[in-house]
Every structure is written in C-alpha cells, then in structure tokens.
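Subject: Structure for you to look through

Dear colleague,

I am handing over the structure below, together with some notes on what was found in it. Please keep the structure open while you read, so that you can follow each point by eye.

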Amino acid sequence: MIAHQTIVLFLGGIGAGVIGSIFGLGGGIIIVPLLVLILKIPIHYAVATSLLCVIATSSAVGSRNVQRGMTNLRLVSVLEIATVIGAICGGAIAGYLHPQQLEIVFAVAVSLLAIPMALSREVVMPAPPDHHDGGFVARLRGAYYDPALGHEVHYDVERLPVAMAISGVAGMASGLLGIGGGVIKVPALTLYSRVPVKAAAATSNFMIGVTAVASAFVYYGRGEVLPVVTATAVLGVFAGSRLGLVFAERAHSSVLRKVFAVLMLVIAAHMAWQAMR
Amino acid sequence: MTRRNLMSIILRLGVLVSCSLFIVGILADAVDPIAFGTIKPGHIPLLLQALIHGSPAAMLHIGILVLLITPVARVVAMVWTFARERDSTFATISIGVLLLLIVSFTIGAMA
C-alpha cells in the first residue's frame, strides 16, 4: 500500500471511529464506501476490513461503557443469540453474491436506514416501572446512573420478540455488508423496546463486536482480510473512537442524527452509481 | 472482581495487544515490505514461528486473530460471571451465544 493510501485509510478510520462512538455504531457504514469508492478495494475485502474495524470500536467503547454500568448485560445475552444467527447466515450468503449485487444491497440498506435515523426524535426517559413480577422479561430490567439528569434511570424492556427479530436482521446486514448493525439496533431498542437511548447505544455497541466476529470468521477463513489495510484502518478507528467519546458528551444528538442521515444518503447514492456503472 | 471489571479488562487487553502488534507490524512493513501471500491466514503454529523471527506479516495476522478472539473471550467471561452469580438462565443463554460463535468459526475454517 502506498503512502497516500495509508494516510487516507488512517484518516477515514478516525472519521469512522468518531462517528461510530458518537452514535453507538461500529463505523462500518463509513469504512466500506471509503475502501470501495476511494481506495478501489473489491467489496468483499472491504467488508472483511470493516468487520474488524467494528470489533475494534465495540471493544474500545464497550470496555468503558460496561464499567460505567450503561450496558444491559442480560439484554445483550438474549439479543446476541438472534444477531449471531443472522450474522452467520449473512456471512455465508455473501460468498455467493457478485460484488455489484452486494453494492446494490448496501445502497438500498443504507437508504432505508437513513429514514429512521432522520426521523427519530430525542427520547423521553420512560417512567420507572410500576410492576415487579419475576418473569423472564422483567429480569431484563435495567438501570444506570445518568450524570446529565443527576439520578439513576430505571427501565423495562418491552416487545422483546420484536427486538430479537430486528437484531437478527441487523446480524444478517452485518454479515452481508460489513456494518455492525447498530444503526438498526439503536432505533429499534429505543423506539420499540422503550430502552433509553444511552442504554440502547451502549447495549448495541457491546453486541456489535460479537455480531461482527461471527461473520468475520467466515471472511477470514476465505482469506479476504487484507493485513496491512485492516491494521491501518483499525488503528484509525481506535484513535477516532477515543476522540468520539469526548465529542459524544457535548454534541446535540438530534442535529448529529440528521447530518448523519444526509451523509448516509450521499454514500448510498454513490455506491449505487458505482454498482450500476 | 466484578463482572463489569473482568469484561472491561478483557476488551481493553484485546485492543491493546492487537493495536501494539499492528503498530509494530506496519512500521516493520514500511521499512522492509513483505509478501503476505507466503503466510496462509489462520495457520497458527506457522504464524507463531514467524512471529518469533520478527515477521511483520505474522505480527499483523496475529493482531487480527487477537482482535477476532477478543469478543469471544468477552462472551466466555459473561458465561463465567453469570454462572458465579448462580444466574443459570442467562449463563445458559450466553453458552448458546458461545456455541453459535463456534459454529461460525467452524464455517470459517472450512471455507
């Protein structure tokens, strides 16, 4: 890899890491187009590199979130079952698709994801639970300390089957497209399961490492992980994710979400154009 | 040690080891570019042997493997801690996640 490509890749990785840690995503949605469109790397290799970047973001950000008590570990274990099954299926199917087909799938998926991203509003913290049964779903109840509110927030997880189904789809998207799937999981957990957005982002972030690793093994076995490219991108992502944690505390999430949605649509249009050329 | 600390340490350690290997591997590659085709991905004994001889390719491949193993190690820690808390339901669910990851690893190894 020549010097200017290394610099572009490292800077792209930093950008993906910043965006990934702010939104609770893996950053794959930036890395894949960067590799395919700018560095002209075939999409299968780009997806494999991106999956490793997702693991790096998840591990770096997750280590901090789990210590702060933001991650709902019981919810993680349940949703990981669904998301890993989806990821294995996605990774296996991807091997039988042509790069152009994969690029079109990516463009359509990113366009569809941009809509909930743009429309999702700031989440109002749900009221504290008023029932205390000992059922399975009740055991997924979570709590964390919110420094912005100055008190502990308690929440119940609603519509678990919907959250599991969406996690399965997110896992499949991960295996096919090299994204973490957080861009689907965070809105789903927030809008359908009524998990507060901070806990949803932390829980999603924690899961995407396992989601990505399930399909990354498949790509690694096929020899589609490029060592120098992957190492450079991962180092950029790691640096960016540390930087992003600083921004995340100060930024207005509603504005950032809309800006990000526009960025996603531009990426999708570019990728579709590339596929049909 | 709480389960939060254990998982946090595992994740941090994985990132630290893989990033260190990546930095050294990239710098060594910049000084003396190497042919990556000579090392088959995933051939661990060969990779370890090459690592001892300071091969940049081996450093990068092992860095990638460490990164791949990190989330799996985190799931193992989750099983262990749920089990220690006598939370059999969630320990069993976490074992299910681990078995699914083994399935994906097997598919990867056969590819």
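The helix α3(A) has a kink of about 35°, and the centre of that kink is at A:G62. Please bear in mind from the start that this is a predicted model, and that every value here is computed from it. Helix α3 of chain A covers residues 43-68, and its 26 residues reach 37 Å from the first C-alpha to the last, which is close to the 38 Å expected at 1.5 Å a residue. Of those 26 residues, 22 are buried, so α3(A) is largely enclosed by the rest of the structure. Just after this helix comes A:G69, which takes a positive phi of about 80°.

A second kink is found in α4(A), where the bend is about 30° and is centred on A:E80. This helix, residues 73-94 of chain A, has 22 residues and reaches 30 Å from its first C-alpha to its last, close to the 32 Å expected at 1.5 Å a residue. It is mostly covered, with 18 of the 22 residues of α4(A) buried.

How confident is the prediction for chain A? The mean pLDDT of chain A is 80, and 88% of its residues reach 70 or more. Within chain A, confidence is highest in α4(A), at 88, and lowest in helix α10, residues 253-276, at a mean of 74. As a general caution, where pLDDT is low, the predicted coordinates should not be read in detail.

Turning to the chains as wholes, chain A contains 10 helices and 2 strands, and along the sequence its elements follow the pattern α-α-α-α-α-β-β-α-α-α-α-α. Chain A has 277 residues, of which 57% count as buried, and among its contacts with a separation of 6 or more, 83% are between residues 24 or more positions apart. Chain B, by comparison, has 4 helices and 0 strands, which run α-α-α-α from the N terminus on. Of the 111 residues in chain B, buried ones make up 41%, and residues 24 or more positions apart account for 54% of the contacts in chain B with a separation of 6 or more.

Where the two chains meet, the contact takes 41 residues from chain A and 43 residues from chain B. On the side of chain B that touches chain A, the helices α1 (3-31), α3 (56-84) and α4 (88-110) of chain B each supply at least two residues. The largest share of that side, 14 residues, comes from α1(B). Sorted by class, the side of chain B that touches chain A has 28 nonpolar, 12 polar and 3 charged residues.

The largest nonpolar core has 125 residues, and those with the most contacts inside it are A:L52, A:I55, A:A56, A:V110, A:V213, A:A216 and A:V234. Helix α8 of chain A, residues 197-221, gives this core its largest share, 17 residues. It is worth finding A:V213 in the view: leaving aside its neighbours within four places in sequence, A:V213 is in contact with A:I55 and also with B:L68, B:P71, B:V72 and B:L101. As general background, in soluble globular proteins, nonpolar side chains tend to be buried together.

Two residues other than glycine deserve a look for their backbone angles. A:K40 has a positive phi, near 55°, and is found in the loop between α2 (28-38) and α3 of chain A; because A:K40 has 10 C-beta neighbours inside 10 Å, it counts as exposed. A:R159 also has a positive phi, near 45°, and is found in the loop between β2 (151-155) and α6 (160-177) of chain A. With 16 other C-beta atoms within 10 Å, A:R159 is partly exposed.

Finally, A:P187 has its place in helix α7 of chain A, residues 182-191, and A:P187 counts as buried because there are 22 C-beta neighbours inside 10 Å. From A:P187 to A:A3 there are 184 residues in sequence and 39 Å in space, C-alpha to C-alpha.

With best wishes

Technical notes:
Residues are numbered from 1 along each chain as its sequence is written. Chains are lettered from A and ligands numbered from 1 in the order in which they are written. The expected span of a helix is 1.5 Å times one less than its number of residues. The bend at a residue is the angle between axes fitted to the seven residues ending there and the seven starting there. A residue is buried if 20 or more other C-beta atoms lie within 10 Å of its own, exposed if 12 or fewer, and partly exposed in between; C-beta atoms are placed from the backbone. Two residues are in contact if their C-beta atoms, placed from the backbone, lie within 7 Å. Ala, Val, Leu, Ile, Met, Phe, Trp, Tyr, Cys and Pro count as nonpolar, Asp, Glu, Lys and Arg as charged, and the others, Gly among them, as polar. A nonpolar core is a set of buried Ala, Val, Leu, Ile, Met, Phe, Trp, Tyr and Cys residues joined through C-beta atoms within 7 Å. pLDDT is the predictor's confidence in each residue, from 0 to 100.
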